[in-house]
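Reader: Before we discuss the spaces and the packing, could you show me the model and explain how each term is applied?

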Amino acid sequence: MSVALRSSWQRQGQILAPVDLQGIRLIQTPTAWLLPNGLLRLAMACRNGANVSVMFIMDCDPAQGMKIVRPPKEDDAALHALASGDLSGLGPCDALWDGGELVLVTSSLRRKGRIYDAAIEVMTSTDSGATFTKPRTILTSASNGGYPVTLPCIRKLQDGRWRMWFTAFTQWFLEVQPHPDARYCIRSASSSDGLTWTVDPDPALLWTSGEAGLARPSVQETGGQFEMWFSARGPYVEDNPELRRYRLCYARSADGFVWQRHDDQQAFSNPPVAGDWDDQMQCYPFVLPLADGRQLMFYCGNGYGQSGIGWAVRGEPLH
């Protein structure tokens with residue numbers, strides 16, 4: 001029997017801000033995995049003044065309020081991929097263990113004039129993420145009508161099949177200033193080996209009235225149901241910039257294919273107040289289950305990560 005779930009979280013505070021890293025103006029897509037010693041390793045996409053996203057990795061101690069115990073450091077494999085691949089960014093999106101191997105799922109960006117292309121890769125590690133292989137591309141815009149694919153979440157199901165949910169662009173509005181506006185939804189794909197993927201023909205989630213983009217799904221199977229957390233924003237409107245602020249959203253599914261949104265059940269029990277690092281925006285969520293049954297959420301704050309990243313702990317599901 002499945003339990004009745006509600007997405008209720010307690011905010012725990014900010015972990016890292018761009019001012020803590022020299023030359024960085026945005027910290028985005030926090031992605032975490034548990035180490036054998038109980039620490040958490042946290043990877044992030046850190047965008048510098050040249051508008052290039054570089055992957056940094058650090059270790060945090062959840063027993064000490066997510067205290068940073070190993071300072072952020074640029075990942076060598078990601079740096080090499082940026083230098084050799086003519087990329088304008090490579091950042092982490094998801095992490096999962098496949099036996100003794102850590103699979104880090106990444107997304108790369110390549111500028112194309114005023115817009116950009118994006119692809120999805122995997123990097124693997126046999127030393128818990130101390131070192132990684134070079135990225136291997138597993139999905140490109142060719143699978144999405146030529147539009148970017150990015151910000152994936154990948155899960156290996158109990159029957160051995162693999163499922164992916166990702167941000168899929170559908171349209172560019174080039175006339176919008178100062179930057180082109182885009183429309184994007186969440187699509188899904190399946191694989192037998194985690195490397196060769198078939199994209200489902202219909203979107204997993206489309207935007208609703210007043211929305212323009214759905215981004216960065218994070219999926220977990222809880223109590224016999226699939227849960228998804230993601231970000232949603234409105235269109236770029238010059239005289240109403242608040243519309244483009246992301247907010248956290250929530251959906252559920254019985255099978256991981258058909259989803260129903262339950263945004264009214266996504267909440268913080270201690271919501272931000274004026275002046276908090278995340279009082280205007282919470283976005284790009286990543287949910288991580290711990291061995292003791294707790295679930296943690298890592299997310300970005302104001303300005304798409306201009307105020308850095310923080311974390312929250314889930315309350316007990318309501319039956």
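Author: What follows takes up the pockets and then the nonpolar cores. This is a predicted model, in which local features need pLDDT of at least 70 and side-chain atom pairs count only at pLDDT 80 or more, while totals for chains, interfaces and linings use all residues. Residues are numbered from 1 along each chain as its sequence is written, and side-chain values use heavy atoms, with hydrogens and water left out.

Reader: What makes a residue part of the lining of the largest pocket, and which residues lie nearest its centre?

Author: A pocket is an open set of points on a 1 Å grid over the protein atoms alone, where a 1.4 Å probe fits and protein lies on both sides within 12 Å along at least five of seven lines; a residue with an atom within 4 Å of a point therefore counts as lining. The largest pocket has 38 such residues, with Gln 28, Arg 47, Tyr 116, Tyr 236 and Tyr 284 nearest its centre.

Reader: How do you arrive at the volume of the largest pocket?

Author: Grid points are joined across faces, edges and corners, and the volume is the space filled by probe spheres set on them; for the largest pocket this comes to about 1,100 Å³.

Reader: Why is the set of residues that includes Val 122 and Phe 166 called a separate core?

Author: A nonpolar core is a set of buried (under 20% relative accessible area, 1.4 Å probe, protein chains only) Ala, Val, Leu, Ile, Met, Phe, Trp, Tyr and Cys residues joined through side-chain atoms within 4.5 Å. The largest such core has 53 residues, with Ile 15, Leu 42, Met 44, Phe 298 and Ile 309 having the most contacts inside it. A second, separate core has 17 residues, including Val 122, Val 149, Phe 166 and Ala 189, and it is called separate because a core takes in only residues joined through side-chain atoms in this way.

Key. Buried < 20%, exposed > 50% of the residue type's maximum accessible area, 1.4 Å probe, protein only.
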